[in-house]
Amino acid sequence: MTQGHIADGTMRFLQTDTKTLLSGHYRCPDDLVEFAVARDLPPVPGYFQFGSGAVCFGQCHLRVCSTLPARNLSDAFMHTRAQGDTILLPFDPVQVVNNLRLERYSGIPAARSVPPWASNIVRNLYYTARPFMPVAIRKHLQSWYLRGWEKIPFPCWPVDMTVENILERLLILAMKSRNLERVPFIWFWPDGHQSCAMVTHDVETRAGLNFCPQLMDLNDSFGIKSSFQLVPEGRYALPPSVLEDIRQRGFEVNVHDLNHDGHLFDDHTEFLRRAERIKHYAQEFKASGFRSAVLYRNADWCDSLGFAYDMSIPNVAHLDPQRGGCCTVFPFFIGTTVELPVTATQDYSLFHVLKDHSTRLWQEQIDRIRAKHGLISFIVHPDYVIDPAPRKVYVELLAYLSKLRAMGKLCVALPGQIAEWWKVRSELALVNLEGSWRIIGKGSERARIAYAVRVNDHLVYEMDTVSGVTPVQILDEGHGCL
Ligand SMILES: [Zn+2]
């Protein structure tokens, strides 16, 4: 919060950086409106809501709940009001959105009901035995470990878009207070694409590594390029020719943890030691992206790894050993690192925890994220699609993505291309020159102006028709449309 006192009756307010939060996501003009937050917020954070579908966690002037599930959460949306050009809020959206994106919310049920010391012993035993453990035994252990996941009320399964819902409501409030029906912004994706998808492969074992050439053939047969995350130490030998082959075929190489022992984030000193090794391998692999083992993560340490982008935070982590989720389907920045959240269920969880050998769930997640124009991101392990049955499901996924791309509903790109675009977009500016909006900055030729239009207190997006670009365009065959 910044200084600047505003009084409204007996309540006092402080200015916040909410307009920067809003313009950071939408890349809209940042002089729309000021936001101010009630002073002297209660010190203890808790859950409340900001309209339906937007569960918030943070300090709030209203009654908050310490745990979920809770019925009748206080609704902060009903307690906002405008005073001149300023919207007065009973909570700080910057704090709440950070709490969600960086998973700083309490009451996340651990994926086990044992004390921490016992859990560490179990984890050590599990990761020591894991390489020798048949999948049949592993999946029984994991089902036990993850039991009760379907009763977790938050984040929302199978896709959580709370951050987007909060940002939309803030924009609506800003537009209403200025009596605006339309606000221009820089469209989320380049060349007017409606949404974006990426396919990534974490390579777990030697068998998985050996299968990579076939997997690349399969992906190529659908014109889909993907990324391969490789474990630098302790899993398999990685001769330079393997990395070169992946790159030469137009696929991407990233670093997958250090040795995949499940302990990267256990201790900060040890983490920093490992981070140096990981940075060394990033150079050796010529890799700009990172994903940790088993999606273990600590957003506060992420920047120390020095990657351009990270892919370790799931959108909703009910089926992962580390629960939580970043509650957004858009990339976001952690320091200078672009975070590309994992927004679809992993293949292993789909096949072995949910025991679902179809693309039904994946299609549902794709359709929900597309409706929000977000990023659809997949982890498919080469190791788990060697057998014909799961491979058939993966082929169905590729066919579905390929069909949507041919219909102009999405583009499919490499993680590095998506992260690069997100950085380029973040540095573009939307300016009004002699009465018309222009995007200026490096890369502006691929950016498109869109409008957020207020319709009955909801937002719809329209592309700028002056530039002659519409979001629905039939794309050519091929990959890497970013
Ligand atoms: Zn892995």
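**Helix packing and unusual backbone positions**

Colleague: How do H1 and H5 lie relative to each other?
Modeller: H1 and H5 are roughly perpendicular to each other (angles under 35 degrees count as roughly parallel, over 145 as roughly antiparallel, 65 to 115 as roughly perpendicular and the rest as oblique). This is a predicted model, in which local features need pLDDT of at least 70 and side-chain atom pairs 80 or more, whereas totals for chains, interfaces and linings use all residues. Residues are numbered from 1 along each chain, and side-chain values use heavy atoms, without hydrogens or water.

Colleague: At what angle do the axes of H1 and H5 cross?
Modeller: They cross at roughly 115°, and the axes come within 10 Å. H1 covers residues 18–26 and H5 covers residues 162–177. Helices (H or I, at least four residues) and strands (E, at least two) are DSSP runs. Axes are lines fitted to C-alpha atoms, and angles run from 0 to 180 degrees between N-to-C directions.

Colleague: Which residues of H1 meet H5?
Modeller: Thr-18, Leu-21, Leu-22, His-25 and Tyr-26 do so. Their partners in H5 are Leu-167, Glu-168, Leu-170 and Leu-171. Contact means heavy atoms within 4.5 Å.

Colleague: And H10 with H11, how are they arranged?
Modeller: H10 and H11 are roughly parallel to each other. The axes of H10 (residues 360–371) and H11 (residues 388–406) cross at roughly 25° and come within 11 Å. On the H10 side, Trp-362, Gln-363, Ile-366, Asp-367 and Arg-370 make the contact. On the H11 side, the residues are Val-393, Leu-397, Tyr-400, Leu-401 and Leu-404.

Colleague: Changing topic, which residues of H2 are buried?
Modeller: In H2, residues 93–101, the buried residues are Pro-93, Val-96, Val-97, Asn-99, Leu-100 and Arg-101. Buried means under 20% relative accessible area, exposed over 50%, and partly exposed in between. Just after H2, Glu-103 takes a positive phi of about 60°.

Colleague: What about Ser-377, buried or exposed?
Modeller: Ser-377 is buried, with a relative accessible area of 1%. Its place is in strand S16, residues 375–379. Leaving aside residues up to four places away in sequence, Ser-377 touches Met-198, Pro-341, Val-342, Thr-343 and Ala-344.

Colleague: Where is Asp-320 found?
Modeller: Asp-320 is in the loop between strand S13 (309–310) and strand S14 (332–334). Asp-320 is buried, at a relative accessible area of 8%. From Asp-320 to Gln-346 the separation is 26 residues in sequence and 9.2 Å in space, C-alpha to C-alpha.

Colleague: Which residue is joined to Pro-155 by a cis peptide bond?
Modeller: That residue is Phe-154, and omega of the bond is about -5°. Pro-155 belongs to the loop between helix H4 (135–145) and H5. The peptide bond from Trp-157 to Pro-158 is also cis, with omega near 5°, and Pro-158 is likewise in the loop between H4 and H5.

Colleague: Why mention such bonds, or a positive phi?
Modeller: Most peptide bonds are trans, and most residues other than glycine have a negative phi. Lys-286 is not a glycine, yet has a positive phi of about 55°. Lys-286 sits in the loop between helix H8 (268–285) and strand S12 (289–291) and is exposed, with a relative accessible area of 60%.

Colleague: And Asp-457, what is its phi?
Modeller: Phi of Asp-457 is near 65°, a positive value. Asp-457 lies in the loop between strand S20 (449–455) and strand S21 (458–463), and is partly exposed, with a relative accessible area of 41%.

Terms used
Buried < 20%, exposed > 50% of the residue type's maximum accessible area, 1.4 Å probe, protein only.
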